[in-house]
Amino acid sequence: MFGEIYDVIVVGGGHAGAEATAAAANMGSKTLLVTMNLQTIGQMSCNPAMGGIAKGQIVREIDALGGYSGIITDKSAIQFKMLNKSKGPAMWSPRAQSDRMRFAEEWRLALERTPNVDFYQEMVTGLLLEKNKVVGVKTSLGIEIRGKSVILTNGTFLNGLIHIGEKQFGGGRAGEKAATGITEQLVDLGFDSGRMKTGTPPRVDGRSLDYSKMIPQPGDDKPEKFSYLNTPVLKKQRDCHMTHTSALVHDLLREGFDRSPMFNGRIKSIGPRYCPSIEDKINRFADKESHQMFIEPEGWDTVEIYVNGFSTSLPEDVQFKALRSVKGFENVKFFRPGYAIEYDYFPPTQLKHTLETKLIENLYFAGQINGTTGYEEAASQGLMAGINAHLKINEKDTFTLQRDEAYIGVLIDDLITKGTEEPYRMFTSRAEYRTLLRQDNADLRLTPKGYELGLAKEDRLKRMEEKLEKSEAFVSFFKNTSVLPEQMNPILEEVQSAPIKQSDKMFKLFSRPKVTMQHMLTLESVSEFVSSNNLDNEVLEQAEIQVKYSGYIEKEKVNADKLNRLESVKIPDNFDYKKLKSLSFEAREKLSAIKPVTISQASRISGVTPSDISVLLVYLGR
Ligand code: FAD
């Protein structure tokens, strides 16, 4: 094994590393996954859940391209919810609670079953370089392993420092060592690095909780799933529960503030704004007497419970005392206290759209190392880095996604164009074309691309083609079929819409507010079409969205086309912005540092104004 030259070496077996390994290997690269602990491949460091708002769309996109995160989630789910169902379909977001141990086990088994993957457990402490090209890695035992490309996915482990109250100690995650050597070498090579922080709540013994004092939070009555393939749908589910903090709990927590590393200056780095610790919430929203807490089982059979909403790095005695004052937690027993962790990251403006570093050829970064937070964000970067590492060493064209094609495209473009100074998580609001980027159509958007890459297999493409064909036929049926007033008016009356006086096309009437597919299915000709063409729920949902949102979808497509025209205006490599004196000073600095590939990307860099873009367009002869 050590004499071999790998095509791709992936450092780290978290969400990014696991997807990178699977992608590169499935495309045919001889791939080595080196990770510090083979028992923690795909470990969920924080909450045992995948998906959620905007993140659920990312998991669907990974799946549509041929990645594994969706399949693994379906196999290990204990509860499923489609969030935001009361809003438009662009906002629907799948979320699943997972069995944490099964999730990691399924990942490990999936990778073991993937051809072309070798495994090795050890800490990578450095990179092997020849000039400005990476040619392998060095481990803590001094072993040198050669590879044509290297993907770093070190997560929260680089010089990780864990804080619990006044105690601090090195670690990449509770119970695991921090990784050293890599940051120092990269900084010597000229990379910028920074520090970020994240935190996690205590885990407790479910047998010590009184659920009768909490509000049950069941999964959906008709649970769906993540993968577009034939993965299992949940037949039974485990409930979560909700409880609340109180003024008393806040007072007890405040007693520990002087020993809090957040407030006494020990933690200097910035944490995820949208996942604040409980002490942060109390401090920032001092007038709020109560905060929600979601009590989430860690699996089917384990009694361990994740206390969502109570992330904290206060001293463990303070955590314990305050938690015992929460309704239902009066007799709580701790499994593990909450903690915060600080770690190194590398500002992602140092990367190309392929996630290859600009400084060192064939070296890729993916996941939390790029300043993101979240399993989904990490996994999608891993997938893209794995794909691109394989393509590069095979001298093939790069694979990137545009902002109107995928949340993954938005994520990577945001990272490398704007950078991030606080842990970056995805939101629907970050996407300008969110009506196009829905969870229901990720397969239609991306599976043909995944198939072309050799990642998505034939069965996946066939399923997608059948769904497309059937939903288009159903939409055509609505466009071409008329309905009589006596058939349609009862529906219109029910939704308080004006009655029709003569027959009209179904498409037009179905487009009216509050008329749903369920209403249309009560019309005989519609239900006959459904049964004779054997249409399933996915097709019904797709057709409904295509009818009801056709106006919005068309409008966004027109806007996206406008953007894509700018996308086609390429800026030559090594373009010398310094010589364009009519650019603002700030634009010259930022453009020189970020080196955008297109005018469109240049226009998204903060500090680059429309007049700077006009200067560039004139210079480039447009
Ligand atoms: P990780 O999942 O961290 O995986 C890194 C992997 O690399 C590990 O397997 C490690 O063993 C391996 N590794 C590292 N260095 C080396 C090396 N030198 N040699 C070999 N192997 C190496 N996300 C949220 O969205 N919300 C939260 O509230 C949240 N809270 C968190 C709290 C804590 C305490 C932690 C630790 C993480 C939290 N996260 C949270 C982040 C989430 O866990 C990560 O975003 C996600 O796991 C990142 O995936 P990754 O693959 O980049 O890295």
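**Close-up views of a predicted model**

**View 1. The hairpin of β16 and β17.** In this predicted model, β16 and β17 form a hairpin, and 6 residues lie between the two strands. The two strands run antiparallel and are joined by 4 bridges. Within this pairing, Glu296 has Tyr306 of β17 as its bridge partner. Strands of a sheet pair through backbone hydrogen bonds, in either a parallel or an antiparallel arrangement.

**View 2. The pairing of β15 with β16.** Strand β15, residues 240–244, runs antiparallel to strand β16, residues 292–297, and 4 bridges join them. Two partner pairs can be followed here: His241 is bridged to Ile295 of β16, and Met242 has Phe294, likewise in β16, as its bridge partner. In a regular strand, the side chains alternate between the two faces of the sheet.

**View 3. The six-stranded sheet and helix α8.** The open sheet shown here consists of 6 strands, which follow the order β14-β15-β16-β17-β13-β18 with antiparallel pairing. Its edges are formed by β14 (215–217) and β18 (334–336), each of which pairs on one side only. On average, and with direction ignored, neighbouring strands of this sheet are turned by 35° against each other. Helix α8, residues 316–323, lies across β13 (203–205), β16, β17 (304–308) and β18, and the helix runs at about 140° to β18.

**View 4. The three-stranded sheet and helix α3.** A further open sheet has 3 strands in the order β3-β5-β4, and the pairing is antiparallel. Because β3 (49–51) and β4 (77–83) stand at the edges and each has a single partner strand, one side of each is left without a neighbour in the sheet. Neighbouring strands are turned by 20° against each other on average, again with direction ignored. Helix α3, which comprises residues 69–76, lies across β3, β4 and β5 and runs at about 115° to β4.

**View 5. The pairing of β4 with β5.** Strand β5, residues 93–98, pairs with β4 in the antiparallel sense, and 6 bridges are found between the two strands. One of the partner pairs is that of Leu83 with Ser93, the latter belonging to β5.

**View 6. Polar atoms around the ligand.** An N or O atom in the side chain of Asn154 lies 3.0 Å from a nitrogen atom of the ligand. The backbone also takes part in the surroundings: a nitrogen atom of the ligand is 3.2 Å from a backbone N or O atom of Met36, while a polar backbone atom of Gly13 is 3.5 Å from an oxygen atom of the ligand. Of the 980 Å² of accessible area that the ligand has on its own, the protein covers 97%.

**View 7. The shell of residues around the ligand.** There are 35 residues around the ligand, and those that come nearest are His15, Ala16, Val124, Gln368 and Gly374. By residue class, the shell divides into 15 nonpolar, 17 polar and 3 charged residues. At least two residues of the shell are supplied by each of α1 (15–26), β2 (31–35), β12 (194–200), β19 (339–345) and α9 (375–393). The largest share comes from β12, which contributes 3 residues to the shell around the ligand.

Notes: Residues are numbered from 1 along each chain as its sequence is written. This is a predicted model: local features need pLDDT of at least 70, side-chain atom pairs count only at pLDDT 80 or more; totals for chains, interfaces and linings use all residues. Side-chain values use heavy atoms; hydrogens and water are left out. A residue is near a molecule or strand if one of its heavy atoms lies within 4 Å of it. A polar contact is a pair of N or O atoms within 3.5 Å; within protein, one must be able to donate a hydrogen and the other to accept it, and residues adjacent in sequence count only if both atoms are side-chain atoms. Accessible areas come from the Shrake-Rupley method with a 1.4 Å probe; for residues, only the protein chains shown count as cover. Ala, Val, Leu, Ile, Met, Phe, Trp, Tyr, Cys and Pro count as nonpolar, Asp, Glu, Lys and Arg as charged, and the others, Gly among them, as polar. Two strands pair if DSSP finds at least two bridges between them. Axes are lines fitted to C-alpha atoms, for helices over the stretch in contact, and angles run from 0 to 180 degrees between N-to-C directions. Contact means heavy atoms within 4.5 Å.
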